[in-house]
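Please open the model in your viewer and keep the sequence panel beside it, since the tour moves from one selection to the next.

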Amino acid sequence: MELIENYQPEYVKSFKENNNKCLCQACKKEGNGFPFVTLRWKNQQRESLSLSCQAAAKEILLNPKAFILHTTVVEVVNNFNDQISNEVEMLNQIFINNVIDESLSYRESLYSMSLLLNKIQRRDNLNHFDVQELISTSEELAGLISAGEFKKHFKDLPDIPEFRQRLLVAMGNIRLDIDLPSVQKMSFMLKLSELNILSRERITERLIELEEVAKNNIDLFDNVDYIFKNIVIYKIYHHNFPDLGQQSITAFQHLCEELFEIKMLLLIYLSDNTELDFDVLSRFISSYYRWSEQSAKPVPINDEDELLYGLAVL
Ligand SMILES: [Zn+2]
């Protein structure tokens with residue numbers, strides 16, 4: 001009998017304690033076993049929950065301690081997944097350390113991720129990298145962060161609104177089954193679906209208007225920064241992201257797009273409403289992932305450098 005480690009994050013533990021019967025749309029539809037997920041590799045097992053369950057999303061997103069891991073030992077179940085290599089685990093740990101660094105916003109932590117991914121991208125063989133090289137890069141980054149230089153570099157990144165405009169147009173295809181009072185919901189849905197019929201000039205203005213709403217709610221977004229960080233950690237934990245190879249660069253791009261889309265959904269809502277409580281926010285994110293799981297992943301809409309593109313839409 002072979003034994004491996006099993007990780008249970010705090011969000012799974014507290015979901016089990018608090019939610020005997022979740023009655024959200026996703027749970028009603030998916031039935032038994034949902035929203036529990038078990039991720040298996042040859043050398044470890046991770047417990048998780050689907051973000052598309054509303055009660056699970058609250059546990060994953062709203063608890064700053066959601067990702068504290070409880071470790072036990074379990075028997076190996078036959079599966080076809082590979083072993084997680086030490087390199088991948090180490091890389092994931094470096095990313096997580098940057099995300100949980102309280103001196104960085106979620107956007108800055110993704111910037112640090114892009115710098116490390118850039119190192120990997122430059123290698124001839126994407127499936128192998130030098131662990132020492134990554135450790136020294138992450139130490140250099142830590143030096144820049146503590147000297148305050150890192151934030152300046154991030155601010156100096158080129159602003160490319162065209163990428164965000166293109167993504168905003170595509171957001172007109174998003175269909176959210178979200179639980180909101182009907183008048184609020186109607187107005188929100190109209191504003192969302194009109195995005196792919198607006199003229200180019202109007203989209204340019206719309207993006208500026210929404211970014212203005214973000215500036216007017218800067219304190220709110222500061223307060224919910226940890227929720228965005230929880231999405232990033234969830235992605236790293238849940239998908240073992242980024243695994244090695246070109247996929248990691250594409251996964252980074254998709255993650256940046258998702259975070260942009262979520263932020264824009266919240267801004268569209270905030271352009272009609274003066275408040276956004278955490279419960280509504282978590283419902284938006286959960287509905288978004290429910291929609292995204294059911295829709296085919298769109299073909300990337302850019303032919304640009306994926307890392308630069310990802311940063312430009314953050
Ligand atoms: Zn549910």
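What follows is a walk through a predicted model, with a selection to make at each stop.

**The sheet**

Begin by selecting the four strands that form an open sheet, which are arranged in the order E2-E3-E1-E4 with mixed pairing. At the edges you will find strand E2, residues 36-40, and strand E4, residues 69-75, each of which pairs on one side only. If you look across the sheet, the twist from one strand to the next averages 25°.

Next, select strand E1 (residues 3-9) together with strand E3 (residues 44-49), which run parallel and are joined by three bridges. Within this pair, show Asn6, which stands opposite Gln45 in E3.

Then keep E1 and add E4, with which E1 pairs in the antiparallel sense over seven bridges. Two positions are useful for following this pairing by eye: Glu5 has Val73 in E4 as its bridge partner, and Tyr7 is matched in E4 by Thr71. While E4 is highlighted, ask how many of its seven residues are buried. The count is zero, and E4 is accordingly described as hardly covered.

**A cis peptide before the edge strand**

Move now to Pro35, which sits in the loop between helix H2 (25-30) and E2. Zoom in on the peptide bond between Phe34 and Pro35, which is cis, with omega at about 5°. This deserves a pause, because most peptide bonds are trans.

**Two helix crossings that share H3**

Select helix H1 (residues 10-18) and helix H3 (residues 54-62), whose axes come within 9 Å and cross at roughly 135°. With that angle, H1 is oblique to H3. To see the contact itself, display Tyr11, Ser14 and Phe15 of H1 along with Ala55, Ala56, Glu59 and Ile60 of H3. The crossing in which H1 passes H3 is right-handed.

Leave H3 on screen and bring in helix H14 (residues 278-294), which packs against H3 at an angle of about 110° with the two axes 9 Å apart. Are H3 and H14 roughly parallel or roughly perpendicular to each other? They are roughly perpendicular, because angles from 65 to 115 degrees are counted that way. On the H3 side, the residues to display are Gln54, Ala57, Lys58, Leu61 and Leu62, and these meet Phe278, Ser282, Arg283, Ile285 and Ser286 in H14. Here too the crossing is right-handed, as H3 passes H14.

**A buried leucine and a partly exposed asparagine**

Go on to Leu265, which belongs to helix H13 (residues 246-270). Leu265 has 22 C-beta neighbours inside 10 Å and therefore counts as buried, the threshold being 20 or more. Apart from its neighbours within four places in sequence, Leu265 is in contact with Phe284 and Tyr288. If you draw a distance from the C-alpha of Leu265 to that of Leu210, the value is 9.7 Å, although the two are 55 residues apart in sequence.

For a second environment, select Asn217, which is found in the loop between helix H10 (200-216) and helix H11 (218-223). Asn217 has 18 other C-beta atoms within 10 Å, so it is classed as partly exposed. A distance drawn between the C-alpha atoms of Asn217 and Glu257 comes to 21 Å, with these positions 40 residues apart along the chain.

**A helix largely in the open**

Finish with helix H6 (residues 131-146), which has 16 residues and reaches 23 Å from its first C-alpha to its last, close to the 22 Å expected. How many of the 16 residues of H6 are buried? The number is one, so H6 lies largely in the open. As a last selection, step past H6 to Gly148, which follows this helix and has a positive phi, near 80°. For comparison, most residues other than glycine have a negative phi.

Notes
Residues are numbered from 1 along each chain as its sequence is written. This is a predicted model: local features need pLDDT of at least 70, side-chain atom pairs count only at pLDDT 80 or more; totals for chains, interfaces and linings use all residues. The expected span of a helix is 1.5 Å times one less than its number of residues. A residue is buried if 20 or more other C-beta atoms lie within 10 Å of its own, exposed if 12 or fewer, and partly exposed in between; C-beta atoms are placed from the backbone. Two strands pair if DSSP finds at least two bridges between them. Axes are lines fitted to C-alpha atoms, for helices over the stretch in contact, and angles run from 0 to 180 degrees between N-to-C directions. Angles under 35 degrees count as roughly parallel, over 145 as roughly antiparallel, 65 to 115 as roughly perpendicular and the rest as oblique. A crossing is left-handed if the near helix is turned anticlockwise from the far one by less than a right angle, and right-handed if clockwise. Two residues are in contact if their C-beta atoms, placed from the backbone, lie within 7 Å.
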